[in-house]
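User: I am new to this structure and would like to learn how to read a few of its features, one at a time. Could we begin with the cysteines?

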Amino acid sequence: MTKKRKHQEDFQKVKLKVGKKKPKLENATDTTFKTKAIQIPEQLKEDGVLPTQNRKLNIKDLLSQMHHYSPGIKHNALLGLKDLLSQYPFVIDAHLSNIISEVAAVFTDKDSGVRGAAVHLLQFLASKIRAEQIAPFFPLVSAHLSSAMTHISEGIQEDSLKVLDVLLEAYPALLTDRSIILLKNFVELISHQQLSKRLKSREKLSWMLSVNPNRRVTSQQWRLNVLTRLKKFLQAVVDGSSEIEDEGLQEQKDSPHSVRNPICISWKVHANNQQHIQLFENGGLQPKINSSFRLRSLVSVMDSAEKGLSSAENLKGFIEIIIPLLIECWIEASPAQSAHILGNLLESESQQLMQQVLSIIHLLWKLTKRHDETYKMELWLRMNYLVDFKHYFMRHFPYSLQETVKHKKKDSCKGNKYCMTSSNSVDHLLLNLTLCDIMVSLASTATLQMDSGWLDMIRKFVTDTLQDGSKLNSKQVNRLLGVTWRLMQIQQNKVATEPLIKAVYTLYQQRNLLFPVRTLLLKFFSRVYQKEDLRTQRIRSRSKVLSRWLAGLPQQLALLGLKNPELSNQLIDIIHSAASRSNKELLQSLQATAARLYDPLEGALVLLPAEAQRRLVQLVYFLPCLPASLLACLSRCCIMGRMSSDLAATLIGILHMRSSFAGWKCQVQDNSVNDVDYFSFLFSTLIGFSRKELTDLQGIRGKPHISQTQLSPVRLYLTDLDQFLHHWAVTEMICHSLSTIPSQSQCFDILQTGICKYLVGLVVIPDSTAGSVLCAINKLLDQACILSENLHRFLASCCYSLLYFLLTLDKEDAEHVQKRDMLWGSCISALALLPRLLRLMLQSLQVSRICQEELPVVAQLLRLLMQHGQLRSHMITNEFLVQQIIKDIMTLKSGEVQEQWLTDLHYCFNIYLASHPQGPGPMNAVY
């Protein structure tokens with residue numbers, strides 16, 4: 001009973017009752033606790049802020065989908081990448097490495113849609129990524145491109161050419177660094193290797209064109225596609241080579257390293273230590289190093305493969321492989337092979353293929369000219385390929401494109417459904433010109449007799465094309481002139497060169513030529529002239545056509561004017577070059593056209609920009625004669641302000657050097673500048689206004705253009721500040737030229753006569769003219785000079801009018817305030833040099849004839865004159881006259897309260913004049 005009770009106590013069953021809660025177990029879990037999230041921002045930051053595209057996929061998601069097995073997902077990933085990167089361009093910089101590696105990897109994808117999307121994405125990226133950004137990853141891109149070009153799948157090969165187009169357009173320099181590998185890939189795209197039949201061993205492998213019937217295009221079209229890219233690639237190699245010399249008149253690419261700007265030195269500025277002259281190109285604080293050296297891999301010595309086509313060995317090897325293949329392509333597309341085919345598009349396609357063949361050979365020829373042993377390379381090319389070129393290329397020369405034209409029903413050729421016509425298209429002419437360029441590069445003076453047959457064919461074609469070349473574009477003319485130049489170098493006698501020059505001149509005379517064409521023709525003629533001038537020893541051997549061309553240049557410049565400033569600059573440079581060589585025909589033409597060139601209203605001198613004006617001014621030195629009419633035009637050009645004051649000073653200096661006063665020890669040109677005409681030019685330029693302009697000024701009255709006073713008969717016309725400063729700068733050069741004339745007294749008499757004849761008696765005179773006259777008088781005046789009474793009175797009136805204008809000048813008038821120092825200095829210098837001038841001016845101060853408002857101005861003038869150190873002795877000499885003026889002023893102001901200006905006048909008189917031992921005490925007399 002006891003055991004059973006104990007057992008029940010240990011395992012007592014809890015009885016549950018309805019309506020009551022179940023008691024909790026002792027080991028029950030308490031679920032009443034609360035939790036909080038733990039945030040780690042730095043770990044979640046990267047995925048949290050990555051931008052997404054419209055499908056909510058970020059850059060990592062899209063790049064990871066590039067490895068998916070499904071072509072559709074990869075295609076959508078590429079499209080999503082383009083969408084994302086176009087919306088958020090900054091993502092490109094942050095993930096450039098991953099983007100480039102993933103996009104390049106799908107160049108060889110099996111699906112054509114994926115490859116097409118990759119090409120579009122690459123084209124988009126090329127516009128966003130700079131060359132220096134992609135350079136570290138470009139070996140990977142190039143490796144994938146090579147893999148695609150050599151892939152077994154025809155579709156991948158075709159799409160690889162599209163990738164190549166994008167890279168050639170965006171990064172040509174980076175792509176050409178791996179030229180050897182890519183060139184081999186080009187060869188493998190159109191050919192395959194086979195064991196040479198000539199050799200039994202396997203030491204030498206030859207290449208032959210391959211035919212793949214599985215391609216979507218014909219074999220000829222495929223070769224055309226490949227050769228077109230090869231031509232672009234070689235063009236990039238040529239453009240990237242800075243060492244290739246310009247042969248003939250080949251186009252020069254614009255390069256920041258190819259420009260050489262001349263140093264323009266202003267000796268006046270340099271003398272004042274205001275201009276730094278950099279003597280050496282690589283000197284200075286920021287050296288500009290124009291070097292072709294490039295940092296490559298960390299290999300001590302580059303092997304031949306790494307040098308690319310810059311190695312003569314590599315270039316020869318590639319030429320030996322590609323030229324036979326190109327000849328095979330030519331044979332397939334030549335007229336002999338396609339003559340039996342009529343009415344299809346093979347003719348146009350064949351012509352394009354032939355054009356690419358010749359273009360590639362032409363580029364390879366240009367690459368051979370950059371090596372040191374160019375002559376040996378030319379001999380090697382001639383020895384190996386001249387026979388084949390003559391046999392295959394020159395057999396049907398010149399070529400014309402055959403077009404298939406379908407006639408209408410009413411056509412006269414009713415029996416023929418199709419008809420072959422010759423077309424003067426751009427392509428066939430460029431084909432012939434390229435062939436001419438290649439062939440003439442293989443000829444030389446030493447081989448002239450052996451090559452005379454095909455050289456005569458080329459010479460006739462070039463001559464006929466030039467004579468009927470009104471519709472040629474710049475590219476054709478450039479190639480045409482290059483061939484012409486080479487022909488002239490091969491056969492340098494006048495019998496052979498004169499017809500070629502005449503043909504070029506016939507083209508030059510055509511109207512409405514394009515500006516690039518006109519420029520090329522000018523460069524050609526200039527080069528021919530310079531070459532002939534260096535070679536020619538006797539005048540009789542000069543080309544008549546070239547002399548006629550030179551003689552027409554000044555007239556062309558006069559007619560052209562401002563219509564085409566760039567072309568005008570080229571004409572001026574050529575004219576200057578020929579004039580400096582004393583070309584008789586050009587100097588005669590320049591003399592006849594000088595009046596039109598230097599016309600002050602419509603001449604080229606005043607219409608063209610500053611640099612062209614400078615060159616035209618320099619041409620004045622070479623003119624055989626400088627008549628009075630031309631000097632009058634030049635004077636007007638100097639004073640009208642349409643060329644700078646520095647250039648006007650240069651012109652004045654040139655005319656001084658041409659005059660008889662330049663001090664030449666040797667005999668100069670007789671009667672080049674007449675002395676009377678020269679003085680007339682100097683005086684007209686000094687005055688600054690023509691006689692008609694001075695006459696028109698006499699009718700102007702009142703402010704703001706006129707400054708007048710009742711004490712002087714001369715009224716001042718107030719010129720604009722720019723006109724005044726220009727006139728003053730020219731005046732300084734005129735005064736310098738006048739001061740260098742040996743007989744100063746005679747020069748002063750001429751100047752005095754001119755002033756009395758043309759200025760004395762005028763009522764209105766420009767302020768710049770009055771100041772210029774005083775400046776010239778100060779410069780030329782010496783003890784031997786005697787001034788006439790009329791000149792004395794005229795100068796006295798000018799001085800008072802100028803001084804009155806300066807004293808009444810409003811300080812807020814900034815335009816005229818800048819004239820103060822120059823005009824004041826001229827007046828004071830003239831009064832100090834000519835005591836009688838000061839006396840006449842003081843005698844003219846009759847204050848009884850002026851109004852009350854002018855009295856303070858007169859008093860201020862007297863006070864300033866007495867205070868000036870240079871005039872103090874002269875003022876003491878005229879003490880009585882000054883005393884009388886002060887008396888008259890006191891008489892007029894006697895009944896009023898004494899003002900401050902009158903007190904200042906009394907004070908200055910007592911200090912500077914009354915205290916002087918000479919003369920009576922004036923103040924007692926005044927009071």
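Analyst: Please keep in mind that this is a predicted model. A disulfide is a covalent bond between the sulfur atoms of two cysteines. Here the closest cysteine sulfur to that of C633 belongs to C637 and lies 6.7 Å away, which is too far for a bond. C633 itself counts as buried, because its relative accessibility is 17%, whereas C756, at 26%, is partly exposed.

User: How many disulfides does a search of the whole structure find?

Analyst: The search of the whole structure finds zero disulfides, and the cut-off behind that result is a pair of cysteine sulfur atoms within 2.5 Å.

User: Which backbone angles should I look at next?

Analyst: Most residues other than glycine have a negative phi, and most peptide bonds are trans. In this model, N512 has a positive phi, near 60°, and sits in the loop between α23 (494-508) and α24 (515-535), where N512 is exposed with a relative accessible area of 78%. S582 also has a positive phi, of about 60°, although it is not a glycine; S582 is found in the loop between α26 (565-580) and α27 (584-597), and at 53% relative accessibility S582 counts as exposed.

User: Is the peptide bond from F397 to P398 cis or trans?

Analyst: The bond from F397 to P398 is cis, with omega near -5°, and P398 has its place in the loop between α19 (374-393) and β3 (401-406).

User: Which residues gather in a patch of positive charge on the surface?

Analyst: The patch brings together K13, K15, K17 and K20. Of these, K17 lies in the loop between α1 (2-10) and α2 (41-49), and K17 counts as exposed because its relative accessibility is 57%.

Technical notes
Residues are numbered from 1 along each chain as its sequence is written. This is a predicted model: local features need pLDDT of at least 70, side-chain atom pairs count only at pLDDT 80 or more; totals for chains, interfaces and linings use all residues. Side-chain values use heavy atoms; hydrogens and water are left out. Patches are made of residues with over 30% relative accessible area and no salt bridge: like charges are joined within 9 Å, nonpolar side chains (Val, Leu, Ile, Met, Phe, Trp, Tyr) within 5 Å. Accessible areas come from the Shrake-Rupley method with a 1.4 Å probe; for residues, only the protein chains shown count as cover. A salt bridge is a side-chain nitrogen of Lys or Arg within 4 Å of a carboxyl oxygen of Asp or Glu. Lys and Arg count as positive and Asp and Glu as negative; His and the chain ends are not counted. The place of a charge is taken as NZ of Lys, CZ of Arg, CG of Asp or CD of Glu. Helices (H or I, at least four residues) and strands (E, at least two) are DSSP runs, numbered from the N terminus. Buried means under 20% relative accessible area, exposed over 50%, partly exposed in between (1.4 Å probe, protein chains only).
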